[in-house]
Amino acid sequence: MKFVCLGFIDENKFAALPQPEIERLMQECLAYDKELSRGGHFIGGEALDSARKAVTLRIKNGAVDVTDGPFIETKETLGGILLLEARDLEHAIALMSKHPGVRIGPFEIRPANEAVNCLIAERMNAPE
């Protein structure tokens, strides 16, 4: 099964960490990602830039409305995603529980929607 692991971070708290600690933590995260990859569990991932650089799109009065930043007011913002292959949710939890990123913010683990992802893949691979 595929799982999307959403890593959240308190940007202010993270920015307050000493640079050597940030670098050490990043190296630990990358090393664990490599371990997940060797086990056939790491599918991919993306780190996200600051939520301060984000925009949110909505339909307002029939037109697209663009607002700065994330919609929800919260200290923790989405910091990145990790795509994971695991037997089931319990296995995904066990794998992500060892990820060093959990020390700086929570991870939401959600099963990928295989049916919709299949439709998307079919559409992307269909001849025009």
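**Exercise 1. Work out how much of the protein chain is buried, and how far the model can be trusted.**

Step 1. Start with burial: of the 128 residues of the protein chain, 26% count as buried (buried means under 20% relative accessible area, exposed over 50%, partly exposed in between, with a 1.4 Å probe and protein chains only).

Step 2. Keep in mind what you're looking at. This is a predicted model, where local features need pLDDT of at least 70, side-chain atom pairs count only at pLDDT 80 or more, and totals for chains, interfaces and linings use all residues. Residues are numbered from 1 along each chain as its sequence is written, and side-chain values use heavy atoms, with hydrogens and water left out.

Step 3. Now the confidence. The mean pLDDT of the protein chain is 91, and 97% of its residues reach 70 or more (pLDDT is the predictor's confidence in each residue, from 0 to 100). Among the elements, helix α3 (residues 89-97) has the highest mean, 96, and strand β3 (residues 55-60) the lowest, 87.

**Exercise 2. Lay out the elements in order and pair up the strands.**

Step 1. Count first: the protein chain has 4 helices and 6 strands (helices are DSSP runs of H or I with at least four residues, strands are runs of E with at least two, and both are numbered from the N terminus). Reading from the N terminus, you get β-α-α-β-β-β-β-α-β-α.

Step 2. Look at β1. Strands pair if DSSP finds at least two bridges between them. β1 runs antiparallel to β5, with 9 bridges joining them, and Val4 stands opposite Leu83 in β5. β1 is also antiparallel to β6, this time through 5 bridges, with Leu6 opposite Glu108 in β6.

Step 3. Move to β3. Its 6 bridges to strand β4 (residues 63-68) are again antiparallel. In β4, Val66 is the bridge partner of Leu57, and Thr67 is that of Thr56.

Step 4. Check the turn. β3 and β4 form a hairpin with 2 residues between them. Asn61 sits in the loop between these strands and has a positive phi of about 55° although it is not a glycine. With a relative accessible area of 81%, Asn61 is exposed.

**Exercise 3. Describe the largest pocket: its volume, its lining and the elements that build it.**

Step 1. Recall the idea behind the search. Rolling a probe the size of a water molecule over the atoms shows where empty space is left. Here, on a 1 Å grid over the protein atoms alone, a pocket is an open set of points where a 1.4 Å probe fits, with protein on both sides within 12 Å along at least five of seven lines; lining residues have an atom within 4 Å of a point.

Step 2. Read off the volume: about 640 Å³ for the largest pocket (grid points are joined across faces, edges and corners, and a volume is the space filled by probe spheres set on the points). Of the 27 residues that line the largest pocket, Met26, Ala47, Leu48, Gly79 and Gly80 are the closest to its centre.

Step 3. Find the contributors. At least two lining residues each come from β1 (2-10), α1 (11-15), α2 (19-38), β2 (42-47) and β5 (76-85).

Step 4. Sort the lining by class: 14 nonpolar, 8 polar and 5 charged residues (Ala, Val, Leu, Ile, Met, Phe, Trp, Tyr, Cys and Pro count as nonpolar, Asp, Glu, Lys and Arg as charged, and the others, Gly among them, as polar).

**Exercise 4. Test the geometry of helix α4 and say whether it is buried or in the open.**

Step 1. Take the 12 residues of α4 (residues 114-125): at 1.5 Å a residue they should span 16 Å (the expected span is 1.5 Å times one less than the number of residues).

Step 2. Compare with the model. The end C-alpha atoms of α4 are 16 Å apart, which agrees.

Step 3. Count buried residues: of the 12 in α4 the number is 0, so the helix lies largely in the open.

**Exercise 5. Place Pro100 and Ala112, and find a C-alpha contact partner for each along the chain.**Step 1. Pro100 belongs to the loop between α3 and β6 (107-111), and at 8% relative accessibility it counts as buried. The C-alpha atoms of Pro100 and Glu28 are separated by 6.3 Å, with their positions 72 residues apart along the chain.

Step 2. Ala112 is in the loop between β6 and α4; at 17% relative accessibility, Ala112 counts as buried. The C-alpha atoms of Ala112 and Val4, 108 residues apart along the chain, are separated by 6.1 Å.
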